[in-house]
Amino acid sequence: MMNPKLTDYLNSVFTPYDGVKSVTELKADLLTDLQERYRELRAEGKDDEKAFKMTIESIGDIEQTILEVANLSRSLERKVLTNFSGSNLSESDFAGVTAHKGQFKGSALHGSDFSGADLTGSSFKASDVREANFDGANLTDCSLYALDLTNASFNKTILVRTNFSKSGLDGAKFTGVRLTDVTLTMTDLRKTIFEGCLFDGVDFKYTDLTRQCFDGQTFIGVKFDKAALTEVSFRGATFNNVSFQPGFTLTNKYYRMIKTICFDDAMMDKLTYAHLKGMGADLSKVTIR
């Protein structure tokens, strides 16, 4: 003895959650249980209306249960949809997607398009990300570790507390980017291109910047501590509270390296100027602000 009204009732309750797999399974199980309960009540002599009412009452606050199941299911689905580790995703289209705390470990991402994507909190590790496009992407709180980022593009990318570590950035191009509290650790930046960037609170830790060109760019609260700076050019750059320190003590080798840096036409605050002057940097063409 089946009651079509039970099916209609459940359809109306479950409609907002169509497509959620776990909810669909719950609906099928519940319908079977309710039909069984309805048959038992009819067998006890209850009329159709009374049996239907008592059957519905027996399931309690079903809408709250469905909501909880749906929320859990969607949460698990989101986790699945942000874990791309060990995947072959070369030349994939991620443009404009939102993938917070995404996982890209050991992934092939050569030539993939992440332009305009929100990747906040994501982790990229030991992956091939050559020639990837991160233009306009949000990489806030992202970790990029042991990556090959050769020729990757970062045009107006959002870089806040982003950590680049032990990664290859040959030919990678940062254009019109404000790097805020970014850390670049043990990274070779000799062939990386920076154009029109503002470095705010950036820490170049154990990085190789030999012959790098930072002409006309702005540095605020930046640390070049323990960085290789031979023949770096800061021509026309602006400095405010910038630190240059060797790994341990000032050695003759470090003094010689500082003397090779070009600060021509740069503008500096008094503290940065005094700091560099004490290390013997050529500041003859620097303007003090």
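A polar contact here is a pair of N or O atoms within 3.5 Å; within protein, one must be able to donate a hydrogen and the other to accept it. Keep that in mind for the serine I will come to shortly. One caution before that: this is a predicted model.

Let me start with the whole chain. There are 289 residues, and 39% of them count as buried. The secondary structure comes to six helices and 16 strands. The accessible surface is about 14600 Å². Carbon and sulfur atoms account for 50% of that surface. Now contacts along the sequence. Take those between residues at least 6 apart: 18% of them join residues at least 24 apart.

Next, the sheets. One is an open sheet of six strands, ordered β1-β2-β3-β6-β9-β12. Its pairing is parallel. At the edges sit β1, residues 103-105, and β12, residues 203-205, and each pairs on one side only. From one strand to the next, the twist averages 5°. Look at β9, residues 183-185. Three bridges join β9 to β12, and the two run parallel. Within β9, find Thr 185; across from Thr 185, in β12, stands Lys 205.

Another open sheet has seven strands. The order is β5-β8-β11-β13-β14-β15-β16, again with parallel pairing. Which strands stand at the edges? They are β5, at 159-160, and β16, at 287-288. Each has a single partner strand, so one side of each is left without a neighbour in the sheet. Further in, strand β8 covers residues 178-180 and strand β11 covers 198-200. Three bridges hold this parallel pair together. Opposite Arg 178 you will find Leu 198 of β11. As a reminder, strands of a sheet pair through backbone hydrogen bonds.

Now that serine. Ser 167 sits in a loop, between β6 (163-165) and β7 (173-175). Buried or exposed? Ser 167 is buried, because its relative accessible area is 5% and the cut-off for buried is under 20%. What does the side chain of Ser 167 reach? One target is the backbone nitrogen of Leu 147, at 3.1 Å. Another is the backbone oxygen of Ser 165, at 3.0 Å. Both distances fall within the 3.5 Å limit. Setting aside neighbours within four places in sequence, Ser 167 is in contact with Leu 144, Tyr 145, Ala 146, Leu 147 and Leu 149. Thr 187 and Asp 188 are on that list as well.

A second loop residue is worth a look. Thr 210 lies between β12 and β13, the latter at 218-220. The relative accessible area of Thr 210 is 16%, so Thr 210 counts as buried too. Beyond neighbours within four places, the contacts of Thr 210 are Arg 190, Ala 228 and Thr 230.

Last, the nonpolar core. The largest one has 61 residues. Which members touch the most others? Four phenylalanines: Phe 134, Phe 234, Phe 244 and Phe 263. Helix α5, residues 252-259, gives the most to this core, with three residues. Take Phe 134 in detail. Again leaving out neighbours within four places, the contacts of Phe 134 include Phe 114, Phe 124 and Phe 154. Leu 119, Val 129, Leu 139 and Leu 149 are also among them. So are Ser 115, Ser 153 and Thr 157. Note Leu 149: Phe 134 is in contact with Leu 149, and Ser 167 is too.

Notes: Residues numbered from 1 in each chain as written. Predicted model: local features only at pLDDT ≥ 70, side-chain atom pairs only at ≥ 80, totals over all residues. Heavy atoms only, no water. Helix = DSSP H or I, 4+ residues; strand = E, 2+ residues; numbered from the N terminus. Buried < 20%, exposed > 50% of the residue type's maximum accessible area, 1.4 Å probe, protein only. Contact = heavy atoms within 4.5 Å. Pairing = 2+ DSSP bridges. Core = buried A, V, L, I, M, F, W, Y, C linked by side-chain atoms within 4.5 Å. Areas by Shrake-Rupley, 256 points an atom, 1.4 Å probe, with all protein chains shown as cover. Axes fitted to C-alpha atoms, helices over the stretch in contact; angles between N-to-C directions.
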